[in-house]
Amino acid sequence: MIRAHSVESVRTAEAAAMAKLPEGELMSRAAHGLAEVAAARLTDVEGTTVVGLVGAGNNGGDTLYAIAQLAESGFASAVVLVPSAGRSGVHAAGLQAAESAGAVVHVAADDAQDAVEATAEADLVLDGIVGIGGQPGLRPEAARLVDAIDDDAWVIAVDLASGLDPAGEAGEDDAVWADETVTFGTPKPVHLLPAGEAATGRLTVVDIGIEVDDVPATVERLTWDDVARMWPVPDRGDDKYSRGVLGVVAGSEAYPGAAVLCSTAAAEAGVGMLRYVGTPTPVALVHQAVPEAVVGQGRVQAWVVGPGLDTEADTAEARAQLAAAREALASDLPAIVDAGGLALVEGRRAAPTVLTPHAGELARLLTRLESAPAGTDDRTQGGSGAAAGTPGAGGPLSGPADAGTEVTAADVKADPLRHARRLAALTGATVLLKGATTLVVTEGEPVRSQADAPPWLATAGAGDVLSGVIGSLLAAGLSPHDAASLGALVHGVSADRASGGGPLRALAVAHGIRPTVRDLLARGRSAPA
Ligand SMILES: NC(=O)C1=CN([C@@H]2O[C@H](COP(=O)(O)OP(=O)(O)OC[C@H]3O[C@@H](n4cnc5c(N)ncnc54)[C@H](O)[C@@H]3O)[C@@H](O)[C@H]2O)[C@@H](O)CC1
Ligand SMILES: Nc1ncnc2c1ncn2[C@@H]1O[C@H](COP(=O)(O)OP(=O)(O)O)[C@@H](O)[C@H]1O
Ligand SMILES: [K+]
């Protein structure tokens, strides 16, 4: 698992480490690690010239010492001092080290054109304008230099791409676009969140000896090695019931394929048993595609509610299916609610719940729930009255200051984390917000952020597959947070393997789940303890 820590936690851990070390030792370690990566990349890109863009803080200090090391190694090295105060505005000892090692110094405040030209000439640029002390955005003098970076230059962000919000909360267009980020001690939230991930590029963490293992993370990312640790593996004492029975209320006459995709994925994920509830066309298709499935209601350990569900259909069979969906939501069993099922969500469920909207669905759900008149929330699902709610918990759909205004998909895409948090607070559920980076938000837990899939996964039916995988994990007893994030990881890896760089169809992702899990489990068995 990759764990990212808040700026505050990093500063605390750095202070603790510094108290035990000679002065300047942490910066020296950071600069040394940075210079090693930079030297390797210069060799990779067959470059000779490196420029460090140096800001006023310690991020600039790291960069100056790294440039000193690169100059000593024989690379044509220069620094561009960004602050308006010029030489006196940067880390003094670092500047001295860089100059003594032979680096050429350009002062933007003295000769802006010269600074731009020096920046434009570099094969490799170290962005040391700001690090974790930075405000989002670039000041004009910095932006001018960043604009001058050659398109072919390899850009290494020092600690984080300058201009980004270190916390990864605020989106920022005005930032350095790095090929690679070399960070120190531990990743920062911005490296793993949608607001900063693309501008971060490849992430390398340099160990500088700060201790964060016992410090709670702000953002986490599951990796391949977590699968063997987390995936429910049956043992000799298990039977199909003890492994978990999943009920699937999905598909409709309008969207029968969703039932096939969801059920196929659940079977591929190795669910103990699958009960399918639907209307005649998807029932026939599920029978054919997933002979393992049992049709009709019965005892289950968890529910998938909603992929391909048509809440407007008005036939007797559709009404019966809808009643089953409402009953599942009103039950005290874990449920993952997707697509059509989201329209049935009225508020909090007491039972473990995963909601899996894409941006448009999240926007609609937030708008509807936040505009519900206060006091009308009976905390039941779909009005069956059967009741598994927690009346009054947190106040009915009360919540954020911006409650009651219409939320659009564009709002969600511009600030996905905040909106996912809003829905999690409102419903008490785990919210899995889909996208190139999938966010899994549960109140009181570090955000999980998964980015395992290629853009080819943006294809119809991919979400139905995801819901089947997550459902099988819920049925096996995983928490909503683990089921959603582990499901997203395996779904993304399966997509990546099935794509192999080319087009993808959702059914191929579903059929890839079984070999993907098998290989990731095998990897865990062969990994050193
Ligand atoms: N604290 C430590 O012991 C260590 C810190 N390290 C480095 O130190 C960095 C943090 O250093 P600082 O706290 O000095 O902060 P930064 O170097 O991130 O930047 C703070 C300075 O930049 C200016 N600034 C803020 N936002 C700006 C913007 N948008 N445009 C232009 N200038 C802006 C501020 O006025 C301030 O002078 C880390 O990111 C890391 O690179 C490493 O050397 C490891 C050890
Ligand atoms: N640009 C992207 N890169 C990688 N994965 C993506 C991208 N866009 C969407 N996805 C993933 O594709 C899936 C789409 O699901 P969804 O929108 O529910 O589709 P459907 O409803 O058609 O099944 C989700 O798992 C989502 O995270
Ligand atoms: K930086």
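The following exercises, each with a worked solution, concern a predicted model.

**Exercise 1.** Determine which residues come nearest to ligand 1, and which element gives the largest share of its shell.

*Solution.* Begin with the residues around ligand 1, of which there are 27. Among these, Gly57, Asn58, Asn59, Gly131 and Gly133 come nearest. Next, consider the elements: α1 (7-19), α2 (25-44) and α3 (58-72) each give two or more residues to this shell. The largest share comes from α3, with four residues. Finally, sort the shell around ligand 1 by class: 13 residues are nonpolar, 10 are polar and four are charged.

**Exercise 2.** Describe the shell around ligand 2 by its closest residues, its main helix and its classes.

*Solution.* Ligand 2 is surrounded by 16 residues. The closest are Lys434, Ala436, Ala458, Ala462 and Gly463. Helix α17, which covers residues 462-475, contributes the most to this shell, namely four residues. By class, the shell around ligand 2 comprises nine nonpolar, five polar and two charged residues.

**Exercise 3.** Establish whether Ala258 and Gly308 are buried or exposed, and state which residues each of them contacts.

*Solution.* Start from the record: an unreviewed UniProt entry places the feature "binding site" at Ala258, Gly308, His358 and Asp464. Ala258 lies in helix α11 (residues 256-268), while Gly308 is in the loop between β13 (302-305) and α13 (316-330).

A residue counts as buried if 20 or more other C-beta atoms lie within 10 Å of its own. Ala258 has 31 such neighbours inside 10 Å and is therefore buried. Gly308 has 28 other C-beta atoms within 10 Å, so Gly308 is buried.

For the contacts, residues up to four places away in sequence are set aside. Ala258 then touches Ala250, Gly251, Pro307, Gly308, Gly461 and Asp464. On this basis the contacts of Gly308 include Ala250, Gly251, Ala258, Ala339 and Asp464.

**Exercise 4.** Locate Asp159 and Ala339, and explain why each counts as buried.

*Solution.* First, note the backbone angle. Most residues other than glycine have a negative phi. Asp159, however, has a positive phi near 70°, and Ala339 has a positive phi of about 45°.

Second, place the residues. Asp159 occupies the loop between β6 (154-158) and β7 (180-184). Ala339 occupies the loop between β14 (335-337) and β15 (353-355).

Third, count neighbours. Asp159 is buried because 29 other C-beta atoms lie within 10 Å. Ala339 is buried because 23 other C-beta atoms lie within 10 Å.

Definitions and conventions
Residues are numbered from 1 along each chain as its sequence is written. Chains are lettered from A and ligands numbered from 1 in the order in which they are written. This is a predicted model: local features need pLDDT of at least 70, side-chain atom pairs count only at pLDDT 80 or more; totals for chains, interfaces and linings use all residues. A residue is near a molecule or strand if its C-beta atom, placed from the backbone, lies within 6 Å of it. Ala, Val, Leu, Ile, Met, Phe, Trp, Tyr, Cys and Pro count as nonpolar, Asp, Glu, Lys and Arg as charged, and the others, Gly among them, as polar. A residue is buried if 20 or more other C-beta atoms lie within 10 Å of its own, exposed if 12 or fewer, and partly exposed in between; C-beta atoms are placed from the backbone. UniProt positions are given in the numbering used here, feature names are shortened, and annotations may be inferred rather than shown by experiment. Two residues are in contact if their C-beta atoms, placed from the backbone, lie within 7 Å.
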